[in-house]
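This note is written for a colleague who is meeting the structure for the first time. The points below may be read alongside the sequence and the model.

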Amino acid sequence: MAKMFYEKDANLNLLSEKKVAVIGYGSQGHAHALNLKESGVDVVVGLYKGSKSWTKAKEAGLMVMETSEAVKRSQIVMVLVPDEKQRQLYETEIAPYLEEGDALAFAHGFNIHFGQIVPPKNIDVFMVAPKGPGHLVRRVFTEGQGVPALVAVQQDFTGKAKDLALAYAMGIGAARAGVIETTFKEETETDLFGEQAVLCGGVTELIKAGFDTLTEAGYQPEIAYFECLHEMKLIVDLLYEGGLEKMRYSVSDTAEYGDYMVGKRIVNEDTRKEMKKVLQEIQNGEFAKNWLTENTVNRPVFNAIKKQELEHPLTKVGQNLRNMMSWLNK
Ligand SMILES: NC(=O)C1=CN([C@@H]2O[C@H](COP(=O)(O)OP(=O)(O)OC[C@H]3O[C@@H](n4cnc5c(N)ncnc54)[C@H](OP(=O)(O)O)[C@@H]3O)[C@@H](O)[C@H]2O)C=CC1
Ligand SMILES: CC[C@](O)(C(C)=O)C(=O)O
Ligand SMILES: [Mg+2]
Ligand SMILES: [Mg+2]
């Protein structure tokens with residue numbers, strides 16, 4: 001059973017004597033910086049000159065400066081720039097300005113686990129990884145609740161790294177919901193596997209395959225879109241609220257019988273074998289190597305597939321249908 005921590009186990013005062021530099025102000029960065037500030041923590045945002053995010057952070061009332069300056073002034077540095085940019089930023093703008101006893105923090109273990117960033121021994125290294133997209137981390141916090149998070153300690157120079165991680169998790173609201181202890185290895189490998197095989201890669205291919213099957217058989221694309229993509233949210237909401245059992249309770253018995261009879265034909269033994277292979281490629285570093293190499297040559301594969309995916313008929317049909325749904329057009 002996983003070890004859980006809540007607000008009663010955390011001491012936010014551990015952050016009161018410290019300044020926290022949140023580097024990056026994107027999905028996670030804006031949520032961490034704003035939530036920490038509203039929890040009474042002294043926060044500064046680190047960005048680069050000319051960054052689009054700079055104005056946004058300033059307009060939100062945050063103190064913003066270049067990364068190196070933010071690191072110099074802070075005792076805790078949370079790195080929230082894209083994973084593939086972290087190594088270079090760390091080497092040029094972060095490492096030279098870290099001082100003994102500082103803490104370096106992450107929301108995903110990729111760069112530490114795959115040896116891209118090797119911090120000095122005289123600092124703490126911890127992770128606070130919210131289990132949800134940054135925009136949810138922010139919204140749920142403003143509603144008085146929190147998104148659960150994982151915490152891990154890679155290096156404990158001060159002897160206080162875990163308490164600091166829990167204090168940080170409290171500052172962003174995660175300890176309101178619950179925090180689970182993990183390792184950089186476990187978080188990195190499971191996060192990559194989840195997004196590739198199930199949450200992003202698995203779901204998008206399942207949706208496209210369903211849509212293509214129906215449209216190739218002559219059904220209207222709008223109907224196929226509703227069946228294979230739009231209604232996904234209704235089903236996922238039920239799964240989220242009450243697991244497989246709540247979804248199966250809520251759908252018709254006809255749908256539940258179809259689920260039992262057909263699901264295993266779609267995600268079959270071959271799919272499970274392939275999942276194991278995907279996991280091995282994550283564990284042996286092959287995926288990380290490919291992704292980092294792809295970035296050194298300007299992402300030719302990433303960009304080509306991104307373009308091709310936007311040309312899928314789902315895109316156009318979806319845009320038209322979503323225009324009919326006024327509540328989505330904010
Ligand atoms: N997205 C999510 O919800 C989740 C992300 N994570 C992890 O959080 C981390 C951040 O990801 P995410 O929030 O998605 O990132 P985003 O792409 O949303 O945001 C990146 C931010 O970093 C800024 N930035 C880019 N380059 C630099 C640089 N050289 N110096 C300073 N700032 C820079 C960007 O500014 P600009 O746009 O102006 O260039 C932007 O504000 C990653 O480790 C990711 O794996 C973990 C859990 C969930
Ligand atoms: C599922 C994608 C994710 O792992 C996340 C939001 O947790 C990410 O890297 O963005
Ligand atoms: Mg994730
Ligand atoms: Mg991820």
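1. Arg299 is partly exposed, because 14 other C-beta atoms lie within 10 Å, a count between the limit of 20 or more for buried and 12 or fewer for exposed. The model is a predicted one. In it, Arg299 sits in the loop between α14 and α15. Phi of Arg299 is positive, near 55 degrees, in a residue other than glycine.

2. Asn298 belongs to the loop between α14 (286-296) and α15 (300-310). Asn298 is not a glycine, yet its phi is positive, at about 70 degrees. Most residues other than glycine have a negative phi, and this is the reason for mentioning both loop residues. Asn298 counts as exposed, because it has 8 C-beta neighbours inside 10 Å.

3. The domain assignment divides the protein chain into domain 1 (4-182) and domain 2 (199-267 + 298-324). Between the C-alpha centres of domain 1 and domain 2 the separation is 34 Å. An unreviewed UniProt entry places the feature "domain: KARI N-terminal Rossmann" at residues 2-182. That span is 37% helix and 23% strand, and its end C-alpha atoms lie 9 Å apart.

4. Which residues have the most contacts inside the largest nonpolar core? They are Ala105, Phe126, Met127, Val128, Val151 and Ala169, in a core of 66 residues. Helix α7 (residues 161-171) supplies the largest share of this core, eight residues. Apart from it lies another core, of seven residues, including Phe211, Ala224, Tyr225 and Leu229. As a general point, nonpolar side chains tend to be buried together in soluble globular proteins.

5. Val151 may be taken as an example from the larger set. Leaving aside neighbours within four places in sequence, Val151 is in contact with Phe126, Met127, Val128, Ala165, Leu166, Ala169, Val179 and Glu181.

6. Helix α7 is mostly covered, with nine of its 11 residues buried. Among the buried residues of α7 are Leu164, Ala165, Leu166, Tyr168 and Met170. After α7 comes Gly173, with a positive phi near 95 degrees.

7. The shell around ligand 1 has 25 residues, and the closest are Gly24, Gly26, Ser51, Ser53 and His108. Two or more residues of this shell come from each of α1 (27-38), α2 (52-59), α4 (83-94) and β7 (124-130). By class, the shell around ligand 1 holds 12 nonpolar, 10 polar and three charged residues.

8. His108, one of the closest residues to ligand 1, carries the UniProt annotation "active site" in an unreviewed entry. The loop between β6 (103-106) and α5 (110-113) holds His108. Is His108 buried or exposed? His108 is buried, because 21 other C-beta atoms lie within 10 Å. Not counting residues up to four places away in sequence, His108 touches Asp83, Ala129, Thr188 and Asp191.

9. The unreviewed UniProt entry also gives a "binding site" annotation, which covers Asp191, Glu227 and Glu231. These residues span 41 residues in sequence and the farthest two C-alpha atoms are 28.1 Å apart, so they do not all gather at one spot. Asp191 is in helix α9 (residues 184-199), while Glu227 is in helix α11 (residues 221-250). Asp191 counts as buried because it has 20 C-beta neighbours inside 10 Å. Glu227 counts as partly exposed because it has 15 C-beta neighbours inside 10 Å.

10. Asp191 appears again around ligand 2, together with Pro133, Glu195, Leu199 and Cys200. The shell around ligand 2 has three nonpolar and two charged residues, and no polar ones.

11. Glu216 lies in helix α10 (residues 201-216). Glu216 counts as exposed, because it has 9 C-beta neighbours inside 10 Å. The C-alpha atoms of Glu216 and Leu14 are separated by 60 Å, and the two residues are 202 residues apart along the chain.

Definitions and conventions
Residues are numbered from 1 along each chain as its sequence is written. Chains are lettered from A and ligands numbered from 1 in the order in which they are written. This is a predicted model: local features need pLDDT of at least 70, side-chain atom pairs count only at pLDDT 80 or more; totals for chains, interfaces and linings use all residues. UniProt positions are given in the numbering used here, feature names are shortened, and annotations may be inferred rather than shown by experiment. Helices (H or I, at least four residues) and strands (E, at least two) are DSSP runs, numbered from the N terminus. A residue is near a molecule or strand if its C-beta atom, placed from the backbone, lies within 6 Å of it. Ala, Val, Leu, Ile, Met, Phe, Trp, Tyr, Cys and Pro count as nonpolar, Asp, Glu, Lys and Arg as charged, and the others, Gly among them, as polar. A nonpolar core is a set of buried Ala, Val, Leu, Ile, Met, Phe, Trp, Tyr and Cys residues joined through C-beta atoms within 7 Å. Two residues are in contact if their C-beta atoms, placed from the backbone, lie within 7 Å. Domain bounds come from an automatic or database domain assignment.
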